[in-house]
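Visitor: I would like a close look at one part of this model, with the surroundings filled in as you go. Could you take me through it slowly?

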Amino acid sequence: MTRIWLWPVVVALLSMLGLIAGLVSEDLGDWLSWGALAVPVAIGCQGLARGRAAQQSRG
Amino acid sequence: MQASTLRRWGWIHKWSSLVCTLFILMLCLTGLPLIFSHEIEHLTGSEIEAPPMPEGTPHTSVDQVAAEAVRAYPGRVPLYFFAEEDAPDLWYVKLDTRVDTDESESLLIMSDARTAEVVGVPNFDEGFMSVMYRLHVDLYAGLAGKLFLGFMGLLLMVAIISGVVLYAPFMRKLSFGEVRRERAPRTRWLDLHNLLGIVTLVWALAVGFTGVINTWADLIFKGWQAEQVAALQAGETRVLLAADATGAPAADGSLQTAVERVRVAAPNMTVAMIAWPGTLRATPEHVAVVLGGDSPLTSRLTQALLVDPVSGEVLEARVRPWYVTALQLSEPLHFGDYGGLPLKVLWALLDVLTLVVLGSGLYLWLKRGAMEARS
């Protein structure tokens with residue numbers, strides 16, 4: 001259970017922080033926002049890149 | 001999870017997604033340029049700017065701006081003045097033939113707040129961005145189109161939540177982020193669908209749900225206005241600045257003085273909109289001045305005050321109800337316009353990842369035959 005949900009929960013909490021931080025404070029809040037929301041983007045893009053790499057190695 | 005429960009959630013996920021997928025794909029595609037609409041307007045030069053003048057040039061009175069606008073467009077009357085945060089020297093002025101109109105013949109012009117000169121007429125009804133906007137907001141079908149897209153958004157919420165329920169059983173034998181690249185394309189795309197779906201979860205829920213709330217904006221504002229008018233008629237108002245209050249410019253019937261008295265009554269707020277007496281947002285005798293705070297959060301949470309230009313009395317008809325607060329908070333969370341360009345770029349990337357989730361979901365459904373045949 002923990003193994004499956006640990007990362008999804010971490011990413012979800014960071015996303016919430018990212019969505020709210022920029023709204024309630026400027027400067028520091030904006031930086032927090034960018035940093036926190038970059039995490040799901042980075043994980044997603046890395047997953048996509050691995051998927052593509054697989055496609056090439058098959059072809 | 002029992003096999004029957006799993007099947008039931010699978011059924012919910014399949015059908016809620018299938019019904020809304022094409023519309024949500026369209027919303028994600030049209031939303032992508034809309035994230036950058038400000039930047040695109042700026043780059044293509046379709047943005048109207050105030051002519052350069054020394055910084056701090058004082059503003060003329062709003063009465064003067066209104067008079068000049070009416071002189072340029074005879075037979076029209078002013079309805080609303082809107083201020084934009086990043087263009088403090090411009091007023092958006094909405095004119096129409098009467099104050100009590102449905103705005104079907106309204107005209108929006110831009111006036112220089114310093115000289116009262118008409119600067120231009122923004123062109124919102126033509127071009128690529130306008131098509132993107134209409135497809136994204138109402139499918140060219142007015143309120144019905146908005147409510148329809150809102151319903152598609154609600155289905156997306158169901159699809160996302162049922163997808164989260166299905167995530168665990170699919171991930172039993174996999175570690176987080178694992179993409180089984182050596183397997184068949186369908187397996188690889190299933191893993192990617194699960195991974196991208198779970199990492200974009202909170203963002204997609206937030207943007208999706210706030211989008212749904214935005215489709216109710218017209219209804220929400222009508223409800224608030226009805227409440228305000230009812231409170232006013234019942235005399236349930238709070239006087240913020242009495243007619244004979246000292247420390248404020250004496251009322252002289254002009255709108256400029258009325259607005260200045262509102263500023264005295266509500267310091268540390270900025271004027272976001274002025275509604276002329278008789279319009280939908282005001283009352284027959286009062287000017288409505290819509291104020292916002294000066295931080296990213298409070299500038300969205302506007303409050304309308306009413307002022308009688310003749311007596312100078314400033315009233316608060318009704319404290320902003322919770323559903324208007326919800327709407328006003330929904331706008332930035334949907335647009336992603338509260339954290340500069342980097343936030344817009346992240347918004348766009350998350351939008352693209354969501355597109356991949358939708359596309360891969362559709363692919364998994366189309367290729368379901370192969371899977372069923374094997375099992």
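Visitor: Does B:Y140 count as buried or exposed, and how many C-beta neighbours does B:Y140 have inside 10 Å? After that, please show me the sheet of chain B.

Guide: Happily. This is a predicted model, in which local features need pLDDT of at least 70 and side-chain atom pairs count only at pLDDT 80 or more, while totals for chains, interfaces and linings use all residues. Residues are numbered from 1 along each chain as its sequence is written, and chains are lettered from A and ligands numbered from 1 in the order in which they are written.

B:Y140 counts as exposed, because it has 9 C-beta neighbours inside 10 Å. The cut-offs are these: 20 or more other C-beta atoms within 10 Å of a residue's own make it buried, 12 or fewer make it exposed, and anything in between is partly exposed, with C-beta atoms placed from the backbone. You will find B:Y140 in the loop between helix 4 (128-137) and helix 5 (142-171) of chain B. Helices (H or I, at least four residues) and strands (E, at least two) are DSSP runs, numbered from the N terminus. Although B:Y140 is not a glycine, its phi is positive, at about 60 degrees. Most residues other than glycine have a negative phi.

B:N268 also has a positive phi without being a glycine, in this case about 65 degrees. B:N268 is exposed because 9 other C-beta atoms lie within 10 Å. Its loop, between helix 9 and strand 6 of chain B, brings us to the sheet.

The sheet of chain B is open and has nine strands, in the order 4-3-2-1-6-7-8-9-5, with antiparallel pairing. Two strands pair if DSSP finds at least two bridges between them. At the edges are strand 4 (118-120) and strand 5 (238-241) of chain B, each pairing on one side only. From one strand to the next, the twist averages 35 degrees.

Let us follow some of the pairs. Strand 1 and strand 2 of chain B form a hairpin with two residues between them, and their antiparallel pairing runs over seven bridges. In this pair, B:E84 faces B:A87 of strand 2. Strand 2 of chain B also pairs with strand 3 of chain B, again in the antiparallel sense, over six bridges, and here B:L95 stands opposite B:L107 of strand 3. Seven of the ten residues of strand 2 of chain B are buried, so this strand is largely enclosed by the rest of the structure. Further along, strand 6 and strand 7 of chain B share five antiparallel bridges, and B:V271 has B:L291 in strand 7 as its bridge partner.

Helices pack on this sheet too. Helix 3 of chain B lies across strand 1, strand 2, strand 3, strand 4 and strand 6, at about 125 degrees to strand 1. Helix 9 of chain B touches strand 5, strand 6, strand 7, strand 8 and strand 9 (314-316), and makes about 125 degrees with strand 8. Such axes are lines fitted to C-alpha atoms, for helices over the stretch in contact, and angles run from 0 to 180 degrees between N-to-C directions.

Now look at the nonpolar cores, a core being a set of buried Ala, Val, Leu, Ile, Met, Phe, Trp, Tyr and Cys residues joined through C-beta atoms within 7 Å. The largest has 37 residues, and those with the most contacts inside it include B:V65, B:I274, B:V287 and B:V307. Among the elements that each supply at least two residues are helix 3 (62-72), strand 1 (77-84), strand 2 (87-96), helix 9 (255-265) and strand 7 (287-292) of chain B. Strand 7 of chain B gives the largest share, five residues. Leaving aside neighbours within four places in sequence, B:V287 is in contact (C-beta atoms, placed from the backbone, within 7 Å) with residues including B:L255, B:A258, B:I274, B:W276 and B:V307. Another core lies apart from this one, with 36 residues, among them B:L195, B:W203, B:L346 and B:W347. In soluble globular proteins, nonpolar side chains tend to be buried together.

Finally, a glance at the partner chain. Chain A has two helices and zero strands, and 29% of its 59 residues count as buried. Its contact with chain B takes 26 residues from chain A and 31 residues from chain B. On the chain A side, helix 2 (28-58) gives the most, with 14 residues.

Methods
Two residues are in contact if their C-beta atoms, placed from the backbone, lie within 7 Å.
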